[in-house]
Each structure stands twice: as C-alpha cells, then as structure tokens.
Amino acid sequence: MTLNTHRWWRDAVIYQVYVRSFLDSTGDGVGDLAGVRTGLPYLKKLGVDGIWLSPFYPSPQHDHGYDVADHCDVDPLFGDLAEFDLLMTDARRLGVRVLLDIVPNHCSSEHPWFREALESAPGGTARARFHFADGRGPDGAEPPNNWHAMFGGPAWSRVTEQDGTPGQWYLHMFTPEQPDLNWRNPEVGGHFDHVLRFWLDRGVDGFRIDVAAGLYKHPDLPDSPDPEADARTRDSVNPLAWNQPEVHDVWRRWRSLCEEYTAEDGRERLLVGEVSVPTAREHARYVRHDELHQAFFFDLLSAPWNADSFRKVISEAMQDIAGTGSTVTWVLNNHDQVRTVTRYGELGTESSGLGAARARAAALLMLALPGAAYIYQGEELGLPEVVDLPDDVLTDPIFRRTGSRARIRDGCRVPLPWSGHASPFGFTPGAESAKPWLPQPAYFAEYATDRALADTRSFWHLYRDGLQLRSGLPQLGEGELRWLDTPPGVLGFVRGDGLVCAVNFGAAPTPAPVSGTPLLSSGPCAPGVLPGSTAAWWISDSAHP
Ligand code: GLC
C-alpha cells in the first residue's frame, strides 16, 4: 500500500496505543509490541490513519517508559527490535502509519549518561549533560532554587559524591528518576539527531514529542517568581523552566532533519508535540511552517461541558493556529487524563449514561472539526475511568509523590477488554489465568471489543462510521468552519458546502438547526430534533445554511 499522500498529517486521525495496556502476547500481564501487531487489523477496521506508540524503550519503568535508559532499543518487557521491524512491515502493508514517542526533556537515572555523571566529579563533562548545581545554605543542604517538580516535591535531588559526602544537586522536573537533560550542551542535541535517524531509518512515519515546551531552562536557573502557583498545578506555569525561546531552534532542526528523509522518498514524516503553554497564541508559535507539524491542542480536552467554553476554545484555536498555516490537532483523551465518559458525567449520575452520551457527542464534534484528531485506546469502546483501583495496585508516580493524594493516571490505563466474561477479557489471548498489570473491573465485559463490534449502537460503530464518513466527505478534514446561529446551549457549524454539525449541550431537546439529510448522530434523533447531550451531522438542503 502506498503512503505517499502529500501533507497526509493535516487531517489525519491517529490512535494512541498505550502499549502496556493494549494486548499482551506473552502472558505476563503487560501489553507488548507483538500484541500491537496482532491488533493492527482491528485498528485498520476502525479506520484510523496511523498509530502513536507510547514509549517501549529499555526503561526501569518508574514513569512507565517515560524514563528512557536507552533510546535506540526495545525493552524486553515489550519485545525486541526484530519484533518492532515486523510491526513496521505489517503496518506498512495495512497502510497504517506509525509514530513513536520520543522523550527529549529528560532520561532515566539508569541511562549510561546519568550513571557516568554520578560517578564523575563536579564540573566535569559528564555532569554537563544534565543540570547539576551546588546547593544553597551553609552546607549546600538547600536546593539550588525553589522550583517544584510537576509530579510533586522539589525539582532537585542531592547526590552522594564518590567519597561518600553529600554532594551537588540535579534538576528533575518530573520524578528524581527522570533527570532533565541540559539542551545548552550541544552533545545532547547531537545525540537526539542520532536517535531520530535510528528510528527513521527503520521506517517510522514520525514522532510524538514528550514535553515539547520543556528542554531549555533559563540559563541562570533563578528562583521561580511564584513557587506556590507552580506547586498547585500540574501545568507548566513556571516561566523560567518552560517555554524558553531557544526550544524553537530544536524544532526547526528536527523539522529539517525529517525533511531530508522526505526529500529522499517523498514520504512526509510528522512531528507532533505535547505542548502545554498558557495560550493558543503561544501554542501557535510551535507550529510555524518550519517547526513542528502539529501540537496537541489541550484546551478542548480541558473545556468544561458547555457550549460557551467549547465555542471559545474552538474559535481561539481556529484563529491562532490555523493562521500559521498548520492545522489544529484535537484531542479529548490520553494516557494522562480522566476518560471523557467519566469526566463529562456528573457525580452520582454515572448509571444514567449522561457521561457516555456526552462523550459520544464530543467525539462527533471532534471528528467534524477542521484539522487532525487523536483517539486514545479504549475511547472507541466508551471505556469509563476505573475510579476504584485499590491503593496498593496504583503505579503512577504522581500518587506516590503527592503523599497518596493524587489518584490521577492509573484509571485510564487499565488494560483493554477484548472478549469474554472475566478478566483478562482476552487481553492475554489464550491465557485465562494471566493477571493484567492493573486489575480490570468485572464491568469491562460490557465494553469488550467483540461485543462492541457486534452492536451497531456501540461507541465503536459511532467512531468507525464517523471515520468512514470523514474520509469520504470532502467537506470534513481541513478547511473553514462557519458558526451557525443557534439557541443558547447549542453549538452548530457548517463545513464546506453544506455539511452541518450541531451539538446540544443541554438536557432538553431542541429543533435541529438545519433542514437536510441526517448522516450520523451520537444518539437516537427523531426527524427535525436534536435531543439533549447529542451531536449530529447533516448534509444541508441548502448549500449556504
Ligand atoms: C508527558 C507524558 C506523561 C509523562 C511525562 C513525563 O506529560 O504524557 O505520561 O509522565 O510527560 O515524561
């Protein structure tokens, strides 16, 4: 199958595979690359253009692979390079593009560079690849500055020098097992050029870039002006630690490296950044024509369920990002966030299906917006967040580092149900006794892919139908969006010549905002009516509704 379509990424739909929870081929209860390969036909059937694989590199797994000990290999937990190559071959044959997750802001404390830094003296070249600094206070016993780590606690840890004395401190914006790399040292940039080439030479279609507004820190590492604000949020708000101007040089360099490959074979490689910055305007700076192709636009994900907030974030994105010549990259779920079905539910109303109805409506809205969209595994099954995992199974470092207060990320990472009536629900095919690394609740049976495929009212069919229509309708994908006049609580917009999408955020039914042929709706709709918590697509009777 040929994959040479020019600018394919601009309106692509990419499926995020969280490898350890997708499909387990070995019976150890952890998903792996062979499992991903087995699941590819399922993803092809769903209709996505490509997949993004969460990190599978050698790693002690303190942050589930976002602590990389070797950027150019596969952790035995997930397979090996030969298995990766087989996955690439199958993906290519099926016409599914493959993006890898690259983690340039930090590495693992078990990376050879960090080990060497610990074994070498202060001031040497090995420490210059990281941010080592002397502490403050009489014995250097206070951290070098007041920065907070994103996952709780101070952003500095103190090392013990070779002679056994308390020594320098090193910077880690996440956990102590994830030392930040010093991008002011040219060796770091050179290393990552090599890493990109290593995987591009193995045929990948691009990279999802972790923490893409990180990398550079203020050169003097001064105190943050508002450490309390930094500590209160998981957002990158410390203006001295994030979003430094020099980071844009890295994206220009990576873009031109990717373009070298395109020049060879015409196949465009994609760079999509995890960019958390305060405004859509700042965000737009990352997707200028010679920088990243795309950056996840998280404001949609964080918008509360009401028409005004959704309209505001969509309008801002269209205005600021589309102005760069790039397209907006929409996302509602990922491996760091509470799943939409639960997030949009109101406390105590889960059993009413309200969260599920809203999540279905949000999906149709997202798929009708101009630009690219990312779907997180299990979103197509309508999986809810698992909210009652017992403390002793939680593995997210945020839980441990916040003194067991923040239970944030395990509940969306529970291994997928594929079939059957009891755990492991086909997650480990052929091994009924396998124990998934996070326990699956009994109700996962209702969400298993085999049931979803057999039931035309399932989330799966909604996503599949939406994706199919999207790829066949010229109005969807890239292009303009024009808002319709709609009553309060309802959003409606037109795409191209006459494709209308409308969402009723309220509870009461409202008249359909257009007269036309219904194409798809997120719930049952009587003719001419848009029920509460429902979205629908129509082809309007008039070209200019
Ligand atoms: C990103 C990843 C998250 C990880 C963090 C540190 O935010 O999405 O899972 O923990 O970076 O690498």
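Me: Contact means heavy atoms within 4.5 Å; which helices and strands do the buried residues of helix H4 pack against?

Reply: This is a predicted model, in which local features need pLDDT of at least 70 and side-chain atom pairs count only at pLDDT 80 or more, while totals for chains, interfaces and linings use all residues. Residues are numbered from 1 along each chain as its sequence is written, and side-chain values use heavy atoms, leaving out hydrogens and water. Helices (H or I, at least four residues) and strands (E, at least two) are DSSP runs numbered from the N terminus, and buried means under 20% relative accessible area with a 1.4 Å probe, protein chains only. The buried residues of H4, among them Phe192 and Trp199, pack against H2, S3, H3, S7 and H6.

Me: How far apart are the end C-alpha atoms of H4?

Reply: The expected span of a helix is 1.5 Å times one less than its number of residues. The 16 residues of H4, 186–201, should therefore span 22 Å, and this agrees with the distance between the end C-alpha atoms, 23 Å.

Me: Which strands stand at the edges of the open sheet S4-S6-S5?

Reply: Two strands pair if DSSP finds at least two bridges between them, and in this sheet of three strands the pairing is antiparallel. Four bridges join S5 to S6, with Ser157 opposite Tyr170 in S6. One side of each edge strand is left without a neighbour in the sheet because each has a single partner strand, and these edge strands are S4 and S5.

Conventions: Buried < 20%, exposed > 50% of the residue type's maximum accessible area, 1.4 Å probe, protein only. Contact = heavy atoms within 4.5 Å.
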